[in-house]
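Me: I am new to this structure and would like a close look at a single part of it. Please take one sheet and describe how its strands are arranged, then place it in the whole.

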Amino acid sequence: MLDLAIIGGGPAGLSAGLYATRGGLKNVVMFEKGEPGGQITGSSEIENYPGQKNPGESGFDFMSTWWTQCSHFGLVHKWANVVQITQNQDKTFTIKIENGESQIAKAVIVCTGSVPRRAGFVGEDKFFGRGVSTCATCDGFFYKNKEVAVLGGGDTAVEEAIYLANICSKVYLIHRRDEFRAAPVTLEKARKNDKIEFITSATINEAYGDNAGLNGLILNTKDGERDLKVPGVFTFVGLDVNNGILKQDDGLFLCEMDSNGQVKVDLKMRTNVPGLFAAGDLRIDAPKQVISAAGDGAVAALSALNYIENLH
Ligand code: FAD
Ligand code: NAP
């Protein structure tokens, strides 16, 4: 039996793994379906993690040392897509994996984070991967010296618009309101960039194209319809939390959630189910930052250590 199962290997899961193994737990497995690192590895830059030697480095480079450090202290990475967590009568937990395997653990920390949301315009799904993208670092280069559009008004949209402006000939930043959620300092940077044209109070009505991919977007703007002939659009319209593994066979969640599907935790990252903890983007009131996810992971691991120590 595992002492502790950590589900997800982003900043929260890796930090939980570091604190759990350094805290003396011997049998700790981090279930991560991909490479450890989490969603920040898809970001073109990060500059707000305290103590960074290279502010502005890519998320991938920034996270590259985290796993090395964790494995040094004995954290095991099991490359697995977890499909469900259930609780047994003896209060242990069963972690069910996609391939049919399962493992039992005394305690679990859920750190499954979040994924980009779809915007919902006509043609978004049809052209996804053929002009519609949610990752500028991955796909930006395909549009070198071409015009592209970015949808959204949060930190991700504005930061990625600035990144794309370094590669593309022009970036149209489309946002449905005049006010932005993005940090003022980031917005200021974008406004000063000659290659970025702001199109506010506008939505994408339709993406159109042919077999080769996207050819353009029909926008609804305050001045009427606008046809934007771009081969690429990057959508950054928020995130959905990955809470599916907590869903039970009866359709209810294993622990209490809020109305947005985020896990309710206390300041020790404890859910209402003893032995089950949650950390990072998927918990209530998460600031959705690497620093806070990492902090959550550490707190959750310390709470799990305390919980396991007191089991008899
Ligand atoms: P995640 O990073 O989402 O990690 C969750 C992990 O769980 C993933 O690796 C996933 O593969 C794994 N997983 C999910 N479900 C399962 C399953 N069923 N089985 C196994 N594994 C599973 N924050 C900042 O502080 N500064 C920034 O500059 C910044 N820039 C960003 C730019 C972009 C483009 C994006 C998308 C986010 C950015 N963020 C930034 C936010 C930051 O990335 C997140 O807040 C942080 O990564 C959350 O960490 P997490 O560990 O909670 O979740
Ligand atoms: P976000 O803050 O939720 O912003 C989503 C944006 O998309 C909003 O501007 C929203 O408009 C718009 N939107 C939502 N649904 C839409 C739709 N269907 N069609 C068109 N527009 C739509 O998401 P995010 O930018 O991905 O950021 C997520 C979290 O990560 C945030 O907490 C953010 O601070 C954090 N993050 C931080 C950094 C950083 O610290 N440097 C970088 C990236 C992300 P409205 O504003 O009108 O609602």
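Reply: What follows looks at one sheet and then at the protein around it. This is a predicted model, in which local features need pLDDT of at least 70 and side-chain atom pairs count only at pLDDT 80 or more, while totals for chains, interfaces and linings use all residues. Residues are numbered from 1 along each chain as its sequence is written, chains are lettered from A and ligands numbered from 1 in the order in which they are written, and side-chain values use heavy atoms, with hydrogens and water left out.

The sheet is open and has three strands in the order 12-13-14, paired antiparallel; strands are DSSP runs (E, at least two residues) numbered from the N terminus, as are helices (H or I, at least four), and two strands pair if DSSP finds at least two bridges between them. Strand 12 (203–210) and strand 14 (224–228) are at the edges with a single partner strand each, so one side of each has no neighbour in the sheet. From one strand to the next the twist averages 20°, with axes fitted as lines to C-alpha atoms and angles running from 0 to 180 degrees between N-to-C directions.

Strand 13 covers residues 213–221 and is joined to strand 12 by seven bridges, the two running antiparallel. Within this part, G209 lies opposite L214 of strand 13.

As for the whole, the protein has seven helices and 17 strands, and its C-alpha trace spans about 70 × 45 × 35 Å along the principal axes. Of its 312 residues, 51% count as buried, meaning under 20% relative accessible area with a 1.4 Å probe, protein chains only.

Key
Buried means under 20% relative accessible area, exposed over 50%, partly exposed in between (1.4 Å probe, protein chains only).
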